[in-house]
Structures are given as structure tokens and as C-alpha cells.
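Before the terms used for a protein model can be trusted, a reader may want to know what stands behind them. The questions below ask for those grounds.

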Amino acid sequence: EIMIDDSLSKHKSFAGRLGPDSVVVHYFFADSGFWKVEIDFILDQNNFESQIENFRRIEKNLSSIYGPPKNINQKESGVSSSYSNILNQKFSFATYRSSWDITPAIVELYLNSLVLNPVTDLPVFSGDFSFLKLVYFNPDFMHSSIPLPGQKPLPSIFDIY
């Protein structure tokens with residue numbers, strides 16, 4: 001377990017294990033105190049199917065505790081893992097999001113999966129493009145002393161015509 005302390009910001013992070021998963025856990029503090037925990041799961045960045053399987057496994061575990069999600073949003077697109085044109089690499093992507101309202105907290109599970117195909121040791125784009133986050137937060141403590149940027153007034157209908 002490694003603690004990452006950023007004293008300038010209002011969060012603390014720990015790396016470790018959560019069940020079978022390697023994770024980084026971030027604790028966030030607002031002006032009102034502790035308001036959310038965000039868990040980043042370490043993913044196999046080249047395996048589109050395993051990323052979705054991880055999301056579904058965690059979603060199933062959360063549903064066994066909190067019941068079915070209140071909101072579900074799932075989108076997938078792209079090429080299959082059998083795509084093999086190394087000169088025209090393409091992305092497969094998926095966004096999965098499920099949320100539970102467990103008053104006073106809200107639980108959000110979010111997968112942003114972006115995998116370049118074909119998987120090769122010579123990728124056109126390098127880096128980690130996928131993430132899986134589990135967030136527990138309490139909206140009652142989402143307070144900041146920094147004011148929101150001011151809204152620009154909308155033009156009057158009389159100014160337009």
C-alpha cells in the first residue's frame with residue numbers, strides 16, 4: 001500500500017488491492033470536509049473484452065449489495081479484435097455507466113474503453129486510453145468556496161432582430 005500525498009490539493013491517494021483488482025483509491029476533500037472516494041481500477045489497456053468484463057463483474061457485485069442500478073448507459077462501437085490492418089489501425093470504444101442512489105450517497109461506476117486494433121508492439125498512438133472508475137460521493141458535501149464562473153447574460157430577442 002503506497003500513499004501519495006499532495007498537500008497542495010485537497011486529496012490523498014493510496015495504491016493497493018481491492019479483492020482481485022489492483023486499484024488506486026483517491027479520497028477528496030472540499031470546504032465542507034470529506035466528500036468523495038474515487039477508485040481507479042488498473043486495466044489491461046490492450047484487451048477490450050476484459051475491460052467490459054471487469055465493468056460487468058463490478059456492476060454485478062454492486063447490484064448484489066445495492067439492488068439494480070438506478071441509471072444505466074452503455075455504448076459500443078468499433079472494429080473486432082480480429083481486425084488486422086497494421087497500416088490503418090482503428091479504435092474500438094465503449095462507454096458504460098451505472099449509478100445507484102443509496103441516500104445520502106450516490107455510487108457511480110464508469111468505464112471509458114478505448115483500444116487500438118490491431119494490438120501490436122508498433123501502435124500508431126501510444127499511451128493508456130481506457131479507465132474504469134468507481135465513485136462514492138455525498139452531494140450534501142459538494143461545497144467549494146471558489147465561486148462558479150459568472151454566466152454571460154443571453155442577448156435579448158429584441159437585440160437579435
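What follows sets values from this model against the definitions of the terms.

Q: How do you know which features of this model may be described?
A: The model is predicted: local features need pLDDT of at least 70 and side-chain atom pairs count only at pLDDT 80 or more, while totals for chains, interfaces and linings use all residues. Residues are numbered from 1 along each chain as its sequence is written, and side-chain values use heavy atoms, with hydrogens and water left out.

Q: What makes up the pattern of the protein chain?
A: Helices (H or I, at least four residues) and strands (E, at least two) are DSSP runs, numbered from the N terminus. The protein chain has two helices and eight strands, in the order β-β-β-β-α-β-β-β-β-α along the sequence.

Q: Why is Y27 called partly exposed?
A: Buried means under 20% relative accessible area, exposed over 50%, and partly exposed in between (1.4 Å probe, protein chains only). Y27, in strand β3, has 31% relative accessibility, so Y27 counts as partly exposed. In the protein chain, buried residues make up 32% of the 161 residues.

Q: What makes Y27, F29 and F34 a patch?
A: A nonpolar patch joins nonpolar side chains (Val, Leu, Ile, Met, Phe, Trp, Tyr) within 5 Å, from residues with over 30% relative accessible area and no salt bridge (a side-chain nitrogen of Lys or Arg within 4 Å of a carboxyl oxygen of Asp or Glu). Y27, F29 and F34 form such a patch on the surface, with about 270 Å² of accessible area together (Shrake-Rupley method, 1.4 Å probe, only the protein chains shown counting as cover for residues).

Q: What is called a nonpolar core, and which residues touch the most other members of the largest one?
A: A nonpolar core is a set of buried Ala, Val, Leu, Ile, Met, Phe, Trp, Tyr and Cys residues joined through side-chain atoms within 4.5 Å. The largest such core has 20 residues, of which I39, F41, L62, L109, L111, L132 and L134 touch the most other members. The largest share of this core, five residues, comes from α1.

Q: Which residues does L111 touch?
A: Contact means heavy atoms within 4.5 Å. Leaving aside residues up to four places away in sequence, L111 touches L43, Q51, I52, F55, A94, T95, Y96, F131 and L132.

Q: Where are peptide bonds cis?
A: Most peptide bonds are trans. The bond from T103 to P104 is cis, with omega near 10 degrees, and a cis bond with omega about 0 degrees joins N117 and P118. P104 is found in the loop between β6 (90-102) and β7 (105-117).

Methods
Patches are made of residues with over 30% relative accessible area and no salt bridge: like charges are joined within 9 Å, nonpolar side chains (Val, Leu, Ile, Met, Phe, Trp, Tyr) within 5 Å.
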